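Visitor: Could you take me through one part of this structure slowly, and then show me how to read other places in the same way? I am new to this, so short steps would help.

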Amino acid sequence: MDLMTEDLEKYRRELTGYCYRMLGSAFEAEDAVQDTMVRAWRSLDSFEGRSSLRSWLYRIATNVCLDSLNAGNRRARPMDLSEPTPVAQARLNERPEITWLEPVPDGRVLPSVADPAETAVSRETVRLAFVAALQHLPPKQRAVLILREVLAWKASEVAELLGLTVASVNSALQRARATIQEQAPAVSDEANPLDEEQKALLDRYVAAFEGYDMQALTTLLHEDATMSMPPYDLWLRGHEDIVGWMLGVGEVCRGSKLVATVANGQPAFAHYHPDPEGGYAPWALIVLELHDGKIGGMDFFLDTKRWFPLFDLPDRLDAA
């Protein structure tokens with residue numbers, strides 16, 4: 001790898017985080033960054049150093065993302081499509097026409113920084129709820145909000161990158177802030193393995209889930225906790241409906257095993273289901289939303305053929 005390639009590669013992770021926030025897909029983000037790197041490499045001769053290499057790469061990545069967004073629909077969570085379903089009416093209805101918001105491993109999008117405050121901001125702005133709220137913004141407003149609020153670029157820098165005036169950037173930011181406020185993504189507790197209270201909460205969650213103890217599980221959930229299962233459009237809210245589902249259709253999950261991981265700045269688990277042929281087979285990637293010492297949301301992403309390799313998770317567990 002030559003020196004210039006190394007210079008480009010050192011920006012890959014932060015660019016992936018930027019493209020993920022723009023596109024809502026780990027796979028599309030990685031494709032966008034790869035496209036950015038190829039375009040940058042081919043255009044190195046025309047890069048005259050009038051801006052920094054980082055700014056130049058962000059300009060290319062932004063154009064790649066805007067092209068992608070102009071060609072397709074915004075990504076959504078089940079909560080964006082309907083009101084919660086009472087468990088008595090709950091059905092697993094797959095919506096293939098919906099482009100679902102996707103989870104992402106922290107290691108693909110979050111920078112390795114020593115500043116705790118910067119780390120907290122980075123994790124907060126890749127949470128599923130926040131990225132879902134971003135999807136409600138027009139593409140250029142989305143870019144402005146991420147560059148200004150998440151990456152702390154100056155208005156003049158964003159204006160130069162997007163080919164706008166500073167006044168236009170400030171106006172777009174004001175409109176984007178108002179839209180995000182309307183969506184009101186709740187603040188969550190970030191994944192912190194050094195936090196003893198959080199560790200105890202997650203240990204109790206594993207014990208309750210693996211033991212299929214619904215009474216213990218409900219003590220860990222907020223009263224208005226939610227549960228979703230993309231690619232199905234069903235989502236549930238509240239203890240009664242969540243437990244009703246778990247003891248009804250969800251009864252097939254009894255006897256499962258959980259393996260800890262992290263996704264979108266939040267605690268997550270690989271969920272393995274008992275396999276009739278022995279051991280445990282992949283069933284779901286569970287991303288939890290924590291706040292105020294309890295669980296506010298459980299998102300079960302069921303397309304394990306996509307998610308488990310992305311998160312470097314085992315393709316099965318032995319019975320032992």
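**A close look at helix H3**

Guide: Start with Trp-41. Its relative accessible area is 44%, so Trp-41 is partly exposed. The reason is the pair of cut-offs: buried means under 20%, exposed means over 50%, and partly exposed lies in between. Keep in mind that this is a predicted model.

Where does Trp-41 sit? Trp-41 belongs to helix H3. Now look for Leu-8. Trp-41 and Leu-8 are 33 residues apart along the chain, yet their C-alpha atoms are separated by 8.3 Å.

Next, look at the helix as a whole. H3 covers residues 26-42, and it packs with helix H4, residues 53-71. Their axes are 9 Å apart, and the angle is about 130°. How should you name that angle? Angles of 65 to 115 degrees count as roughly perpendicular, and those over 145 as roughly antiparallel. The angle here fits neither group, so H3 and H4 are oblique to each other. There is a handedness too: the crossing of H3 with H4 is right-handed.

Which residues meet there? From H3 come Glu-28, Ala-32, Asp-35, Thr-36, Arg-39 and Ala-40. From H4 come Trp-56, Leu-57, Ile-60, Ala-61, Val-64, Cys-65, Asp-67 and Ser-68. Sort the residues of this contact by type and you get 8 nonpolar, 2 polar and 4 charged.

Stay with two residues of that contact, Asp-35 and Arg-39. They form a salt bridge with each other, and the closest N and O atoms are 3.2 Å apart. That fits the cut-off, because a salt bridge needs a Lys or Arg side-chain nitrogen within 4 Å of an Asp or Glu carboxyl oxygen. Both residues lie in H3, 4 residues apart, which is about one turn of the helix. Are they buried or exposed? Asp-35 has 28% relative accessibility, so Asp-35 counts as partly exposed. Arg-39 has 32%, and Arg-39 is therefore partly exposed too.

Glu-28 leads further out. In H3, Glu-28 is one of the residues that meet H4. Glu-28 also belongs to a network of salt bridges, together with Arg-75, Glu-102, Asp-303 and Arg-306. Take one pair from that network. Arg-306 forms a salt bridge with Asp-303, with 3.7 Å between the closest N and O atoms. Arg-306 counts as partly exposed, because its relative accessibility is 32%. Asp-303 has 32% as well, so Asp-303 is also partly exposed.

How many salt bridges are there in the whole structure? A search finds 16. Here is another one. Arg-177 pairs with Glu-149, and the closest N and O atoms are 3.1 Å apart. Arg-177 is in helix H10 (residues 166-183), while Glu-149 is in helix H8 (residues 139-150), so this pair ties together parts that are 28 residues apart in sequence. Arg-177 has a relative accessible area of 41%, so Arg-177 is partly exposed. Glu-149 is at 39%, and therefore partly exposed too.

Now try a buried residue. Ser-122 lies in helix H6, residues 116-124. Its relative accessibility is 12%, so Ser-122 counts as buried. What does Ser-122 touch? Leaving out residues up to four places away in sequence, Ser-122 touches Arg-21, Leu-110 and Pro-111.

Last, check the backbone. Most residues other than glycine have a negative phi, and most peptide bonds are trans. Tyr-212 has a positive phi, near 50°. Find Tyr-212 in the loop between helix H11 (196-210) and helix H12 (214-220). Its relative accessible area is 5%, so Tyr-212 is buried. Asp-292 has a positive phi too, about 55°, and is not a glycine. Asp-292 lies in the loop between strand S5 (280-291) and strand S6 (294-301). At 68% relative accessibility, Asp-292 counts as exposed, because the cut-off is over 50%.

One peptide bond deserves a look as well. Pro-230 and Pro-231 are joined by a cis peptide bond, with omega about 15°. Pro-231 is in the loop between strand S1 (221-228) and strand S2 (235-237).

Conventions. Residues numbered from 1 in each chain as written. Predicted model: local features only at pLDDT ≥ 70, side-chain atom pairs only at ≥ 80, totals over all residues. Heavy atoms only, no water. Axes fitted to C-alpha atoms, helices over the stretch in contact; angles between N-to-C directions. Parallel < 35°, antiparallel > 145°, perpendicular 65-115°, else oblique. Left-handed = near helix turned anticlockwise from the far one by under 90°. Contact = heavy atoms within 4.5 Å. Nonpolar A, V, L, I, M, F, W, Y, C, P; charged D, E, K, R; others polar. Buried < 20%, exposed > 50% of the residue type's maximum accessible area, 1.4 Å probe, protein only.
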